[in-house]
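Dear colleague,

I am passing on to you the structure we spoke about, with the sequence alongside. Please open it before you read the notes that come after it.

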Amino acid sequence: MRLVPIAGAIAIAAIAGAIAGRPAHADGIGVIAAGNDRAAVAAAVVDAIRASGPPGRVVGDAVAEARAALAAGAVPAPALAAFRRVQAMSDDAWRAFLRVQIDAAQSGLAAARREAEALVALPGGAELCATAALRLGAVLLYRKLPEATPSFALALALDPDRPITLAEFSPDVVNAIAAVRAAPAPVQTVHVAARPAGAIVSIDGRELGAAPLDAQVPRGPHVVVARAPLHRPAVQGVVVDGPAAVELALDRDETAVRLAAGAEPGLAEPAEQALVDAAAAFADVDEVVVLAMTDRRGGPALIAQRCSGAPARCTAAAEIGFGDRAGLAAAAREAWQTVQGGALREPPRVLGGASGDLQRPPPSGCRWCRNPLVWAGAGAAVVTAVIVFVATSGSRPPPIVTIDGHGFGR
């Protein structure tokens, strides 16, 4: 899943430009670290990545970067596809109107405005809906239908600063919009409730406060949005012709929930998969290195996988044992070297492995399982991992023994 961060209120033309001009893929490498001394582990691996090749974008905490992007309004690719579809619907229907194909124009713009309402909660969605409403109002005015006035009113409420010029609209449309802007509008009360209670309510892009609440709005169509932490925004269109009530139910945003929980040792495999996928998408990186430092049979060990794709597939886990904490830098270099060129066939499982999930009983005839350079007194071996022992105290270059766990038992 790729995304484009869209900041604040921007014109829909700028959104379309951002979509068209966005590279086809992200770049860079993100790091997810868990367990003991996670900051030191992440820093050591970042140094190892940067030292191994040309300078590039390396995100030392991909989870924190993803959280920040999500909070700033980063928009995933499916939402951008919806923007493009609605924009195309609106443009096609407007061209039909200019060709005096009135029926096609009216039905197309009504559909575009209806679909745009669902996007109002996203950055730029209000402007997209306003454009469709303005164009639909112009078609309804051409037909001398009274629904033109509320359609113009909705557009002005959603995007009050949008220029209305003769370069885009005919003089009768410009004058009608000016009249709507100047006319006092009779108001009605709308009661808004939300689940969960306390969600922040906006009507036509204007934030009003926490639900439940009563709002005074002009007669006509409106778009109500409710937002709450760790939930997806809920959107509902309503036509107010008297006292009205709206109740919005917000669904949990599992991506936001997973990112908020972060990386912890012992994470179940489906949750680790969701975390890696969300971090890669919202930190906008091509690859993620997942790491955990733990104690394994009396000594420190670093477990690592390199992951890419959506859903992410990873290298075999590399488990790097080292003599003491002073050897972390050497272990980080070996971890990156080990996973850098590995095939991406495995699910993410480092965080579960930090609690022992990577270990399995050794197959019979395993000639490595009792090698003291692997793990002294080892009673179990990592069958689906690469095991490396870095015998170092950090004071001199280490001798390194590498064992490919895929060959165990052969």
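Below is what was found, beginning with a pair of helices and ending with two loop residues.

Please keep in mind throughout that this is a predicted model.

The helix pair consists of H4, which covers residues 77-98, and H6, which covers residues 125-142; their axes come within 11 Å and cross at roughly 20 degrees. Since angles under 35 degrees count as roughly parallel, H4 and H6 are therefore roughly parallel to each other, and the crossing of the two is left-handed. On the H4 side the contact is made by Phe83, Val86, Gln87, Ser90, Asp91, Trp94 and Phe97, while H6 contributes Gly125, Leu128, Thr131, Ala132, Arg135, Ala138, Val139 and Tyr142. Sorted by character, the residues of this contact between H4 and H6 comprise nine that are nonpolar, four that are polar and two that are charged.

The next element is helix H10, residues 269-282. With 14 residues at 1.5 Å a residue, H10 should span 20 Å, and its end C-alpha atoms are indeed 20 Å apart, so the expected and modelled values agree. H10 is also mostly covered, in that 10 of its 14 residues are buried; among them are Glu272, Gln273, Leu275, Val276 and Phe282, together with several alanines, including Ala271 and Ala278. After H10 comes Asp284, a residue whose phi is positive, near 60 degrees.

Two loop residues complete these notes. Asp253 lies in the loop that runs between strand S11 (244-249) and helix H9 (254-261). Its relative accessibility is 12%, and because the cut-off for buried is under 20%, Asp253 counts as buried. When residues up to four places away in sequence are not counted, Asp253 touches Leu230, His231 and Arg232.

Ala343, in turn, is found in the loop between helix H11 (328-340) and helix H12 (350-353). Its relative accessible area is 39%, and because partly exposed covers values between 20% and 50%, Ala343 is partly exposed. Although Ala343 and Arg313 are 30 residues apart in sequence, their C-alpha atoms are 9.0 Å apart in space. Leaving aside neighbours within four places in sequence, Ala343 is in contact with Cys314, Thr315 and Ala316.

With best wishes

Note on methods. Residues numbered from 1 in each chain as written. Predicted model: local features only at pLDDT ≥ 70, side-chain atom pairs only at ≥ 80, totals over all residues. Heavy atoms only, no water. Axes fitted to C-alpha atoms, helices over the stretch in contact; angles between N-to-C directions. Helix = DSSP H or I, 4+ residues; strand = E, 2+ residues; numbered from the N terminus. Parallel < 35°, antiparallel > 145°, perpendicular 65-115°, else oblique. Left-handed = near helix turned anticlockwise from the far one by under 90°. Contact = heavy atoms within 4.5 Å. Nonpolar A, V, L, I, M, F, W, Y, C, P; charged D, E, K, R; others polar. Expected span 1.5 Å × (residues − 1). Buried < 20%, exposed > 50% of the residue type's maximum accessible area, 1.4 Å probe, protein only.
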